[in-house]
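Me: I'd like a close look at a single part of this model. Pick one, and show me how it connects with what lies around it.

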Amino acid sequence: MKHWLFLATAIVAETIATSSLKASEGFTKFWPSVAVVVGFAIAFYFLSLTLKVIPIGIAYAVWSGVGIVLITTISWFLFGQKLDLPALIGITLIIAGVVIMQVFSKAVGH
């Protein structure tokens, strides 16, 4: 169970780092740039801990799927980047894919 918490930590850190990347404006703003470097370092460290137990394909699918949804949500609220209907449908399909893997896949270590 702790490896799923490690993966969640990695996803949150990556989401913060990616959001800070936008805010850093090409690494021209100091504190957002620091957040990018620290966030990605934390994210990859916790992802590496996760991979001791969770298969890399599953971990990466969850990491990227949840990360896409979180980044899109943050971009909507913080940066005003609106989504149209096809984008919302795509995000819904990503969420469905992660849920299906978690609930039904035998490849996911529960």
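Reply: First, a definition. A helix here is a DSSP run of H or I with at least four residues, and helices are numbered from the N terminus. The model is predicted. The part I pick is helix 3, residues 56-79.

Start with its end. G80 follows helix 3 and has a positive phi, near 65°.

Now the helix itself. Its buried residues are I58, A59, V62, W63, G65, G67, V69, I71, T72 and S75. Buried means under 20% relative accessible area. An α-helix has 3.6 residues a turn, so residues three or four places apart point the same way.

What covers these buried residues? The cover includes helix 1, helix 2 and helix 4.

Next, the core. The largest nonpolar core holds 13 residues. It draws two or more residues from each of helix 1 (2-23), helix 2 (30-50) and helix 3 (56-79). Helix 1 gives the most, with 5 residues. V62 and W63, both buried in helix 3, are among the residues with the most contacts inside this core. W4, L7 and L47 complete that group. In soluble globular proteins, nonpolar side chains tend to be buried together.

L7 shows the link to helix 3 well. Beyond its neighbours within four places in sequence, L7 contacts A59, V62 and W63. Those three are buried residues of helix 3. L7 also contacts L47 and T50.

Helix 1 and helix 2, two of the elements that cover helix 3, have a loop between them, and E25 is in it. E25 is not a glycine, yet its phi is positive, about 50°. Its relative accessibility is 48%, which means it counts as partly exposed. F27 is in that loop too. Its phi is also positive, near 60°, and F27 is not a glycine either. F27 has a relative accessible area of 48% and is partly exposed.

Last, helix 4, which is also part of the cover over helix 3. Helix 4 spans residues 85-104, and V103 is in it. V103 counts as exposed because its relative accessibility is 53%, and the cut-off is over 50%. It belongs to a nonpolar surface patch with I95, V99, I100 and F104. Together they have about 490 Å² of accessible area.

To pull it together: helix 3 gives residues to the largest nonpolar core, other helices cover its buried residues, and G80 follows it with a positive phi.

Terms used: Residues numbered from 1 in each chain as written. Predicted model: local features only at pLDDT ≥ 70, side-chain atom pairs only at ≥ 80, totals over all residues. Heavy atoms only, no water. Core = buried A, V, L, I, M, F, W, Y, C linked by side-chain atoms within 4.5 Å. Buried < 20%, exposed > 50% of the residue type's maximum accessible area, 1.4 Å probe, protein only. Contact = heavy atoms within 4.5 Å. Patch = residues over 30% accessible without salt bridge, like charges linked within 9 Å, V, L, I, M, F, W, Y side chains within 5 Å. Areas by Shrake-Rupley, 256 points an atom, 1.4 Å probe, with all protein chains shown as cover. Salt bridge = Lys/Arg side-chain N within 4 Å of Asp/Glu carboxyl O.
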